[in-house]
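Visitor: I'd like to go through this one and hear the reasoning behind each label. Could you take me round?

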Amino acid sequence: MERKYITCDTELCTGCGLCEMVCSAEKEGVFCPELARIHLVHLDETIAMSIACRFCEDTPCISACPREALSMDEANNVIRVDKMRCIGCGWCIEACDFGAIVLNRSTKSVILCDLCEGRSQPKCVEVCPKKALKVSTFEIEAQVAREKAARALTSS
Amino acid sequence: MHLYHGRILIIDLTTREVRVEELSPSVLKGYLGGVGLAARLLYQYAPAGVDPFSPANPLVFASSGLGGTTIPTANKHAVATKSPLTGLIGDSLSSSYWSLSLKRTGFDALVITGAAASPTYLFIDNDIVHFKKADHLWGKGSLETEGNIKREIGDSRVMVASIGPGGENLVRYACITNDINRQAGRTGTGAVMGSKKLKAIALRSTRPIRVYNLDEVQRLSFALIEKTQGGGTKKYRELGTPGNVLMLNSLSALPTRNFQQSSFEKAENVSGEVLAERYLTKVMACAACSVACGHIYTVPDGAYSGVQWELDYETLFALGPLCGVDNVAGIIKAAELCDYYGIDTISTGGCVAWAMECFEKGLLSGEDTEGIELTFGNYEALLQVIEKIGTRSGIGGLLAEGVKLASSKLGNGSEKWAMHAKGLEFPGYDPRAMKTLALGFAVGLRGACHNRAPGYETDMSGQVDRFRGEAGRGAKLKEQEDFAAVLDSLIICKFIRKCFDDFYTEVAYLYSQATGLEMSPAELKTAGERINNVKKAFNAREGWKYGDDWLPPRLFTDPITEGEGKGTVVTEEELKLMIDDYYQARGWTGKGLITADKLHALELNDSIASLEGLRYGKKVYNL
């Protein structure tokens with residue numbers, strides 16, 4: 001199974017942050033961007049982008065965990081958090097280059113995107129009003145890039 | 001309680017005393033939040049007759065009732081204070097992530113009183129209030145102030161609402177800016193903030209928001225988000241509000257050269273279509289808004305090459321056609337400059353246009369303007385004058401007062417073309433071509449305003465002769481004002497008002513599911529009426545008189561010069577007729593005051609009579 005992740009098209013993203021609100025409501029039952037598994041970054045007045053776990057091949061979060069609370073579920077290609085083992089130390093949060101992991105203070109364990117397992121597609125992707133979010137794979141994204149490049153090279 | 005917090009934070013800048021007061025569910029339900037709650041709290045906390053620049057004038061920030069959720073467009077906030085521009089109620093809305101942070105502070109409103117001894121900013125870290133020195137920020141624009149505060153606190157998630165040099169210099173129409181380019185623009189709330197030496201309010205809020213029935217709120221939100229991608233918001237999503245330019249121009253309703261004309265022969269040059277084709281860089285949204293109306297434009301070449309700023313119709317009209325300017329680069333630069341100084345673009349355009357007419361008619365000389373050739377269409381002069389207003393230097397000192405005060409100081413007949421009602425400069429619709437709107441501008445509770453008194457809805461409905469004022473418009477305007485008050489308090493953005501089949505039924509249900517406070521459609525509608533009446537009660541207490549509900553002389557004497565409706569003026573008879581009709585529809589006295597019956601019907605007698613400083617029936621109302 002190809003590794004999937006949520007990607008954001010910055011051309012389409014308007015910075016509304018509905019993805020964060022929808023995610024925290026769906027997963028935690030409250031509206032709270034800090035408890036979302038996808039996070040919006042506003043760089044300036046024209047650039048916004050949402051970021052969720054990319055399920056890296058080499059997973060620094062898993063390596064960083066001193067208590068072996070994180071593991072890659074190879075069958076489903078998501079990262080599992082063993083809540084019994086996680087103590088909320090935050091090493092994985094620091095290890096992640098994308099800020100994709102956050103701590104839920106009430107459960108004292110970390111949370112990250114699981115692509116809304118069990119749903120046909122992640123809730124944020126479903127709700128994004130501008131269709132800026134989608135579930136994709138490296139292979140698909142690379143092919144899109146190749147086609148775009150080929151089109152540009154042959155259009156003149 | 002769900003969604004609401006049931007408490008407000010009162011901050012005294014003089015004593016640095018901070019206290020929490022409770023808000024009952026009945027007040028929250030009765031005033032909803034936003035403008036309604038802010039107006040109610042202003043009534044309560046402002047001493048009667050307070051000077052707008054006195055430390056005792058409270059500056060109230062109220063959260064959106066429905067904000068902090070997935071309900072689209074609800075992340076807004078209202079600011080209310082006694083306006084230094086009108087001397088009556090000043091209320092203004094802004095939106096986005098600062099509003100969301102305000103909602104998540106754990107308070108339904110902030111009431112700021114007193115004045116700091118030296119420049120100060122507040123940092124409210126969830127519920128801890130820090131008073132911070134702001135001497136190093138004084139004199140800076142909002143953009144720089146936001147960045148500095150975020151760096152200083154060391155957290156880019158901190159959201160900042162601040163004033164620019166215009167607010168510091170007490171320009172009477174200074175605004176409060178948050179999220180870089182969102183403003184509580186009208187009525188001079190920023191000047192009141194400046195008078196308190198309060199540079200900014202920084203918020204770090206991490207509190208979760210809970211609703212009464214999450215599944216139902218989610219279901220309704222998603223359906224609404226879906227609807228906001230349809231025809232009801234097409235205009236806002238595609239060309240954005242600048243699309244109004246050509247539409248209003250064709251209706252003889254695009255105020256040009258300080259309302260000397262009602263259409264602009266160069267409108268094509270500043271149209272939404274041209275902006276989209278040549279200048280559009282990106283369309284952005286406020287927090288949790290699925291519409292995205294924020295059109296950001298970049299100047300591609302010339303002297304202002306690279307200047308990037310957001311324009312909406314009102315800014316475009318005020319700094320463009322109203323000043324006779326058709327140079328888009330100049331307009332974008334002027335908008336950026338207004339936002340740097342933190343001054344309302346509509347009032348700024350109104351003041352400059354008035355001054356341009358004074359200059360052309362010889363009432364202001366080159367000496368008065370320090371050599372600036374202040375003629376219509378001269379965008380470089382516009383830019384120079386904006387700087388003078390922001391710093392209150394030279395002619396800017398006069399123009400910083402707003403057209404009402406400026407024209408009474410200058411005199412010589414310049415009052416005739418001072419285009420304001422109760423001190424608030426006109427927005428971009430010509431009342432001669434829209435008579436229900438004319439009524440709304442005349443009676444509007446915060447002065448001339450298309451947002452609070454959207455009479456144009458009737459004029460544009462195709463069901464009336466928009467060039468004629470007649471009986472029946474009063475009831476229509478009342479309905480529209482009350483609807484606007486509900487939207488401004490819930491807060492739901494007006495740009496999705498057409499996304500409902502049966503607004504009061506749908507939204508009363510949504511409100512009930514979100515807050516757990518059972519609301520009927522009739523109660524929601526009454527809330528709108530209550531909110532407008534509390535604003536009226538405030539105005540009556542602060543010195544509003546019968547006769548203040550009126551329009552500037554130009555509209556009665558100078559007709560539409562060409563196009564559809566050529567020759568039309570507003571007649572005193574038709575305006576009087578509509579005003580009488582409106583007072584009657586409101587259930588007020590023939591002199592425009594609230595009756596005892598109305599106070600009882602709206603349950604204002606309890607709240608108002610019990611409020612400090614007012615004994616209803618004696619002090620204010622001549623019942």
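**Why the labels fit**

Guide: Let's start with B:G362, which sits in the loop between α13 (345-360) and α14 (379-391) of chain B. Keep in mind that this is a predicted model.

Visitor: What makes B:G362 buried or exposed?

Guide: Count the neighbours: B:G362 has 8 other C-beta atoms within 10 Å. A residue is exposed at 12 or fewer, so B:G362 counts as exposed. As for where that loop residue lies, its C-alpha atom is separated by 46 Å from that of B:L13, 349 residues away along the chain.

Visitor: And what is B:N126 called, going by its C-beta neighbours?

Guide: B:N126 has 14 C-beta neighbours inside 10 Å. Buried needs 20 or more and exposed needs 12 or fewer, so B:N126 is called partly exposed. B:N126 is in the loop between β7 and β8 (128-133) of chain B, and it has a positive phi of about 50 degrees without being a glycine.

Visitor: Why is a positive phi worth pointing out there?

Guide: Because most residues other than glycine have a negative phi. Chain A offers another case: A:E68 has a phi near 50 degrees, again positive in a residue that isn't glycine. A:E68 belongs to the loop between α2 (60-64) and β4 (70-73) of chain A. With 10 other C-beta atoms within 10 Å, A:E68 is exposed.

Visitor: What about peptide bonds: which one is cis?

Guide: The bond from B:L490 to B:I491, with omega near -20 degrees. Most peptide bonds are trans. B:I491 lies in the loop between α19 (473-490) and α20 (503-515) of chain B.

Visitor: Now helices. How do you know that the length of α4 in chain B agrees with its residue count?

Guide: Helix α4 of chain B covers residues 142-153, which is 12 residues. At 1.5 Å a residue they should span 16 Å, and the end C-alpha atoms are 16 Å apart, so the two agree. Just after α4(B), B:G154 takes a positive phi of about 80 degrees.

Visitor: Which residues of α4(B) are buried, and why say they line one face?

Guide: They are B:S142, B:T145, B:E146 and B:I149. Looking down the axis of α4(B), these buried residues fall within an arc of 100 degrees, so they line one face of the helix. An α-helix has 3.6 residues a turn, so residues three or four places apart point the same way. The buried residues of α4(B) pack against four strands of chain B: β7 (120-125), β9 (159-162), β10 (176-178) and β12 (198-204).

Visitor: What makes you call α12(B) largely enclosed?

Guide: The count does: 13 of its 14 residues are buried, so the rest of the structure largely encloses α12(B). The length of α12(B), residues 328-341, checks out too, because 20 Å is expected at 1.5 Å a residue and the end C-alpha atoms are 20 Å apart. Just after α12(B) comes B:G342, with a positive phi of about 70 degrees.

Visitor: Zooming out, how do you know whether chain B agrees with a compact globule?

Guide: For 623 residues, a compact globule would have a radius of gyration near 25 Å; chain B has 23 Å, so it agrees. Buried residues make up 61% of chain B, and its secondary structure has 25 helices and 17 strands.

Visitor: And why is chain A called as compact as a globular protein of its length?

Guide: The radius of gyration of chain A is 17 Å, close to the 15 Å from the globule rule for 156 residues, so the label holds. Along the principal axes, the C-alpha atoms of chain A fill a box of roughly 60 × 30 × 30 Å. In chain A, 37% of the residues count as buried.

Visitor: How many residues does each chain bring to the contact between them?

Guide: Chain B gives 26 and chain A gives 19. On the side of chain B that touches chain A, α7 (214-227) and β13 (280-284) each give two or more residues. That side of chain B divides into 14 nonpolar, 10 polar and two charged residues.

Notes:
Residues numbered from 1 in each chain as written. Chains lettered and ligands numbered in written order. Predicted model: local features only at pLDDT ≥ 70, side-chain atom pairs only at ≥ 80, totals over all residues. Contact = placed C-beta atoms within 7 Å. Nonpolar A, V, L, I, M, F, W, Y, C, P; charged D, E, K, R; others polar. Expected span 1.5 Å × (residues − 1). Arc of directions from axis to C-beta. Rg over C-alpha atoms; globule rule 2.2 N^0.38 Å.
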